[in-house]
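Biologist: I should be grateful for a close look at a single part of this model. Please begin with one residue, set out its surroundings, and then follow the connections outward as far as they help to place it.

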Amino acid sequence: MKVTVSRKAHFNAAHRLYRKDWSFEKNDAVFGKCNNPNFHGHNYELIVSVTGEIDVETGYVIDMKILKEIIKIEVEDAFDHKNLNVEVPEFKDLNPTAENIVVVIYNKMRSKLASHLELEITLFETPRNFVTYSGK
Ligand SMILES: Nc1nc2c(c(=O)[nH]1)N=C([C@H](O)[C@H](O)COP(=O)(O)OP(=O)(O)OP(=O)(O)O)CN2
Ligand SMILES: [Zn+2]
């Protein structure tokens with residue numbers, strides 16, 4: 001019997017969508033206003049879901065306090081109030097699209113969780129635009 005434990009979190013961050021190896025014109029054609037060199041920001045919201053068996057002694061799949069601390073260190077402290085392109089090493093050469101951000105968050109979180117636990121991350125870039133990744 002597996003149960004999924006979820007926690008919401010959020011961070012505010014700036015980004016610019018573009019490729020360094022493309023001309024401004026090509027970036028403009030593909031990414032439009034998201035290619036503005038002055039950057040723009042989003043209030044990112046995420047849902048972190050951890051699935052596993054309930055421990056018979058504790059009754060926990062994972063201690064929510066531990067999950068909260070991992071999210072704080074790996075996501076909030078790393079991304080909140082940052083310019084993703086400039087200040088977050090993972091995006092030095094990686095376009096900070098919602099798809100790439102959710103994969104980076106997944107990989108950071110995955111490395112901190114026990115291997116028997118399944119992980120899924122849903123990242124909202126706007127209240128209506130969101131992406132989901134579970135390592136598949
Ligand atoms: N596949 C993707 N498409 C787009 C991404 C992305 O990360 N993956 N990102 C953007 C922009 O960064 C941004 O998300 C778009 O913002 P905005 O233009 O404000 O989006 P909406 O107009 O759809 O705003 P709503 O408030 O959600 O209506 C573009 N594309
Ligand atoms: Zn954006």
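**A residue in its sheet**

Modeller: Glutamate 118 is a residue of strand 4, and the model in which it is described here is a predicted one. Strand 4 covers residues 118–124. Is glutamate 118 buried, partly exposed or exposed? It counts as partly exposed, because 16 C-beta neighbours lie inside 10 Å, whereas a buried residue would need 20 or more. Once its neighbours within four places in sequence are left aside, glutamate 118 is in contact with Thr51 and Gly52.

These contacts lead to strand 2, which covers residues 40–53. Strand 2 and strand 4 run antiparallel and are joined by seven bridges. One residue pair illustrates the register: valine 50 has leucine 119 of strand 4 as its bridge partner.

Strand 2 also pairs with strand 1. Strand 1 comprises residues 2–15, and its pairing with strand 2 is antiparallel, over 14 bridges. Threonine 51, one of the contacts of glutamate 118, stands opposite threonine 4. Elsewhere in this pairing, histidine 10 has glutamate 45 of strand 2 as its bridge partner.

From strand 1 the sheet continues to strand 3, residues 82–83, through two bridges, and here the strands run parallel. Alanine 14 has asparagine 83 of strand 3 as its bridge partner.

The whole arrangement is an open sheet of five strands in the order 3-1-2-4-5, with mixed pairing. Strand 3 and strand 5 are at the edges and have a single partner strand each, so one side of each is left without a neighbour in the sheet. In that order, strand 4 stands between strand 2 and strand 5.

Along the chain, the order of elements is β-α-β-α-β-α-α-β-β from the N terminus, which comes to four helices and five strands. Residues 24 or more positions apart supply 67% of the contacts with a separation of 6 or more.

Helix 4 also involves strand 4. The buried residues of this helix are Ile101, Val102, Val104, Ile105 and Met109. Viewed down the helix axis, these buried residues fall within an arc of 160 degrees, so they line one face of helix 4. In an α-helix there are 3.6 residues a turn, so residues three or four places apart point the same way. The buried residues of helix 4 pack against strand 2, helix 2 (64–79), strand 4 and strand 5 (130–133). Helix 4 itself comprises 13 residues, 98–110, which at 1.5 Å a residue should span 18 Å; the end C-alpha atoms are 18 Å apart, so the two values agree.

A further residue may be set against glutamate 118. Phenylalanine 39 is 79 residues away from glutamate 118 in sequence and 34 Å away in space, from C-alpha to C-alpha. It is placed in the loop between helix 1 (24–31) and strand 2. Phenylalanine 39 is not a glycine, yet its phi is positive, at about 65 degrees. It counts as partly exposed because it has 15 C-beta neighbours inside 10 Å. A positive phi also occurs at histidine 81, again a residue other than glycine, with a value near 60 degrees. Histidine 81 belongs to the loop between helix 2 and strand 3 and is exposed, with 11 other C-beta atoms within 10 Å.

The ligand remains to be placed. Around ligand 1 are Leu17, Cys34, Thr97, Ala98, Glu99, Glu125, Thr126, Arg128 and Asn129. By class, this shell has three nonpolar, three polar and three charged residues. Ala98 and Glu99 are among the residues around ligand 1, and helix 4 covers residues 98–110.

For the chain overall, 18% of the 136 residues count as buried. The C-alpha trace spans about 60 × 25 × 25 Å along its principal axes. Within this chain, then, glutamate 118 is a partly exposed residue whose contacts beyond four places in sequence are Thr51 and Gly52.

How values were computed: Residues numbered from 1 in each chain as written. Chains lettered and ligands numbered in written order. Predicted model: local features only at pLDDT ≥ 70, side-chain atom pairs only at ≥ 80, totals over all residues. Buried ≥ 20, exposed ≤ 12 C-beta atoms within 10 Å, placed from the backbone. Contact = placed C-beta atoms within 7 Å. Near = placed C-beta within 6 Å. Nonpolar A, V, L, I, M, F, W, Y, C, P; charged D, E, K, R; others polar. Expected span 1.5 Å × (residues − 1). Arc of directions from axis to C-beta. Pairing = 2+ DSSP bridges.
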